[in-house]
Amino acid sequence: MEQTPKANRVHIGFFGRCNAGKSTLINMLTDQPVSLVSEVAGTTTDPVSKSMEILPLGPVVITDTAGIDDTTELGTLRMEKTEEVVKKINLAVYVLRANEEPTADDMHWLGLLKQNNVPIALFINELSDINAINAENKGDVISDTSAYVETHKGLSDLATVIGSADFTSKAKRLELLDLLGGLTPLDVEGDQTLLQGLVEEGDTIILVCPIDSAAPKGRLILPQVQTIREILDYKGLALVCQTEELPAMINSLKYPPKMVICDSQAFDRVDELTPDTIPLTSFSILMARFKGKLQDLVAGVEAIKNLKPGSKVLISEGCTHRRQCDDIGTVKIPNLLKKQGHTDLQLEFTSGGAFPKDVSQYDLIIHCGACMLTRREVLRRIECAVVQGTPIVNYGVLIAALHGILERAISPFIDEIKG
């Protein structure tokens, strides 16, 4: 569980007003002091994340957000950060105090979560500041969850499950974890795998992993590691080599491999070295199929031929790393576009969590394989492009198209694309 990449975990966001008890609840659920707890409003500023496991959901990332009624000088910026979290999570926990009426802000944010189709667990915090200071006021608190919901009728239409607890009571921890564990998250891979339908027991798969100056020292990149692991899970045979060693590896086999999977940057050379009878694709295209909508990314290829001098192109990466002299996003892809005759393009770049809300200004979006992003985030970015009428491709699809081998590269998935 500890080795599960954040991109493959279920992401759960915690929301509510300042001092509603979000941080206290997170600390209770994780049994660790993850979030700073204070009576001072606005203690939580930027989103704070923690990885853990909640069964039967499995590995998760929980994110504490700033209070939605933050009136500090930076409150507006913090709300923008919180809104970004809404678009990336698979589940939401919304916290209300039992002795306080839901406000217009509460209903707005609950509605925003509902609008984004995020399942909501509404937790009622039975412990309030009034309770802590004045024991005699405890009678004013609606401790019965059903009575609270009945009093505020709109809540039941928004929340998927509702629970209540004194968030300082560890006795309630397992009960609340069970409530969370019983939810069905939005936009997760579920039982789908990277190689689903492509590998069976005993199949031999050759993985071509070039080791160049951009390769991380002493290790493979995440898509390569995930692919090797899945081949092993399917009881297949994973053979790994560099580009120029591919012919020797193929020739050493008694029977041809079921498939060759390569780094997109080596697509043209690997295509030359791989017999036409052997299926060929890339890690990036596998990721496009696994994380997003391969159909939309393939459809975006048509926009490449329409690029002209002055066309605006956004090149977006899901991770942040030190740029090398032969970086694929900022160097290799622009050079490849120039080589294919697409000169004087207006190129813009984003990385990590940054992605423009308005992409209508671009003639094309070129996205990385997104191994570091959740499926929810990848689908959101693709939908954002499609809704605004902006073509989008990913690195693998683009490179295959520019080398004239897209048809071969997507042939293992052609029925899915047409369907």
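What follows is a walk through the predicted model, from the whole chain down to a cavity and two buried residues.

Taking the protein as a whole, the secondary structure comes to 16 helices and 14 strands. There are 419 residues, and 51% of them are buried. The accessible surface is about 19,700 Å², and carbon and sulfur atoms hold 51% of that area. As for how the chain packs against itself, take the contacts with a sequence separation of 6 or more: 76% of these pair residues that sit 24 or more positions apart.

Next comes the question of internal space. Searching the whole structure for cavities of 30 Å³ or more turns up one. The volume of the largest cavity is about 90 Å³. Its lining is made of 14 residues, and those closest to the centre are L297, H367, C368, V378 and I382. Sorted by class, the lining of this largest cavity splits into eight nonpolar, four polar and two charged residues. Three secondary-structure elements each put at least two residues into that lining: the helices α10 (283-291) and α13 (375-387), plus the strand β14 (392-394). V378 and I382, both on the list of residues closest to the cavity centre, fall inside the 375-387 range of α13.

P223 is one of the two residues worth a closer look. It belongs to helix α7, which covers residues 222-233. P223 counts as buried because its relative accessibility is 9%, and the cut-off for burial is under 20%. Once neighbours within four places in sequence are set aside, P223 touches L194, F283, M287 and C371. Of these partners, F283 and M287 lie within the residue range of α10 (283-291), one of the elements that help line the largest cavity. There is also a C-alpha distance to report here: P223 and S282 are 59 residues apart along the chain, with their C-alpha atoms separated by 9.9 Å.

The other residue is R97, found in strand β4, which runs over residues 91-97. Is R97 buried or exposed? With a relative accessible area of 9%, R97 is buried, since anything under 20% falls in that class. The side chain of R97 has a polar partner on the backbone: one of its polar atoms lies 2.5 Å from the backbone oxygen of N19. R97 in strand β4 and P223 in helix α7 thus give one buried example from a strand and one from a helix.

Note on methods: Residues numbered from 1 in each chain as written. Predicted model: local features only at pLDDT ≥ 70, side-chain atom pairs only at ≥ 80, totals over all residues. Heavy atoms only, no water. Helix = DSSP H or I, 4+ residues; strand = E, 2+ residues; numbered from the N terminus. Buried < 20%, exposed > 50% of the residue type's maximum accessible area, 1.4 Å probe, protein only. Polar contact = N/O pair within 3.5 Å; in protein donor to acceptor, adjacent residues only side chain to side chain. Contact = heavy atoms within 4.5 Å. Areas by Shrake-Rupley, 256 points an atom, 1.4 Å probe, with all protein chains shown as cover. 1 Å grid on protein atoms, 1.4 Å probe; cavity = no way out; pocket = protein on both sides within 12 Å on 5 of 7 lines; lining within 4 Å. Points joined across faces, edges and corners; volume = space filled by probe spheres on them. Nonpolar A, V, L, I, M, F, W, Y, C, P; charged D, E, K, R; others polar.
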